[in-house]
Amino acid sequence: MTSASKPDWHAADRAYQAHHGGCAQCKAAGIAPNRHERCDEGAALWATYEQAGDPPHFTWLQIERMRRERLQQRQQHRGYR
Ligand SMILES: [Zn+2]
């Protein structure tokens, strides 16, 4: 038993994107994760998505993390501009 228990990344991606595209709550959570939470269905799809691991061809999961970190840094540095 190695990767058999891991969710298929493409399936998880497609399922989440399909839900995200039609769910205002999950869209809001994607834009402002600190202020909004994904709905139950979106949260479950997102959990599966994260279990599926790193995207094989592009890394928007990591990009979202970086964007969140950058946003926090920008908020800290806002006084400079
Ligand atoms: Zn949702």
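Asp-8 is placed in the segment before H1, where helices (H or I, at least four residues) and strands (E, at least two) are DSSP runs numbered from the N terminus. The model is a predicted one, in which local features need pLDDT of at least 70 and side-chain atom pairs count only at pLDDT 80 or more, while totals for chains, interfaces and linings use all residues. Residues are numbered from 1 along each chain as its sequence is written.

**Overall fold and confidence**

- The chain has four helices and zero strands, and read along the sequence it follows the pattern α-α-α-α.
- Of the 81 residues of the chain, 11% count as buried, a class that requires 20 or more other C-beta atoms within 10 Å of the residue's own, whereas 12 or fewer make a residue exposed and counts in between make it partly exposed, with C-beta atoms placed from the backbone.
- Among contacts between residues at least 6 apart in sequence, 48% join residues at least 24 apart, a contact being two residues whose C-beta atoms, placed from the backbone, lie within 7 Å.
- The mean pLDDT of the chain is 82, and 79% of its residues reach 70 or more, pLDDT being the predictor's confidence in each residue, from 0 to 100.
- Among the elements, the highest mean pLDDT (93) belongs to helix H2 (residues 24-31) and the lowest (75) to helix H4 (residues 60-77).

**Packing of H1 against H3**

- The axes of helix H1 (residues 9-21) and helix H3 (residues 40-51) come within 9 Å and cross at roughly 155°; axes are lines fitted to C-alpha atoms, for helices over the stretch in contact, and angles run from 0 to 180 degrees between N-to-C directions.
- H1 and H3 are therefore roughly antiparallel to each other, since angles over 145 degrees count as roughly antiparallel, under 35 as roughly parallel, 65 to 115 as roughly perpendicular and the rest as oblique.
- H1 passes H3 in a left-handed crossing, that is, one in which the near helix is turned anticlockwise from the far one by less than a right angle, clockwise being right-handed.
- On the H1 side the contact is made by Ala-12, Asp-13, Ala-15, Tyr-16, His-19 and His-20, and on the H3 side by Glu-41, Gly-42, Leu-45, Trp-46, Thr-48 and Tyr-49.
- By class, this contact of H1 with H3 has six nonpolar, four polar and two charged residues, where Ala, Val, Leu, Ile, Met, Phe, Trp, Tyr, Cys and Pro count as nonpolar, Asp, Glu, Lys and Arg as charged, and the others, Gly among them, as polar.

**Residues within the helices**

- Trp-46 lies in helix H3 and counts as partly exposed, with 19 C-beta neighbours inside 10 Å.
- Not counting residues up to four places away in sequence, Trp-46 touches Tyr-16 and Arg-38, and its C-alpha is 9.6 Å from that of Gln-17, 29 residues apart in sequence.
- Lys-27, in helix H2, also counts as partly exposed, with 15 C-beta neighbours inside 10 Å, and its C-alpha is separated by 8.1 Å from that of Arg-38, 11 residues apart along the chain.

**The segment before H1**

- Asp-8 counts as exposed, with 12 C-beta neighbours inside 10 Å, and is 9.1 Å from Thr-48, C-alpha to C-alpha, although the two are 40 residues apart in sequence.
- Ser-5 lies in the segment before H1 and counts as exposed with 7 C-beta neighbours inside 10 Å, while Ser-5 and Ala-52, 47 residues apart in sequence, are 9.3 Å apart in space, C-alpha to C-alpha.
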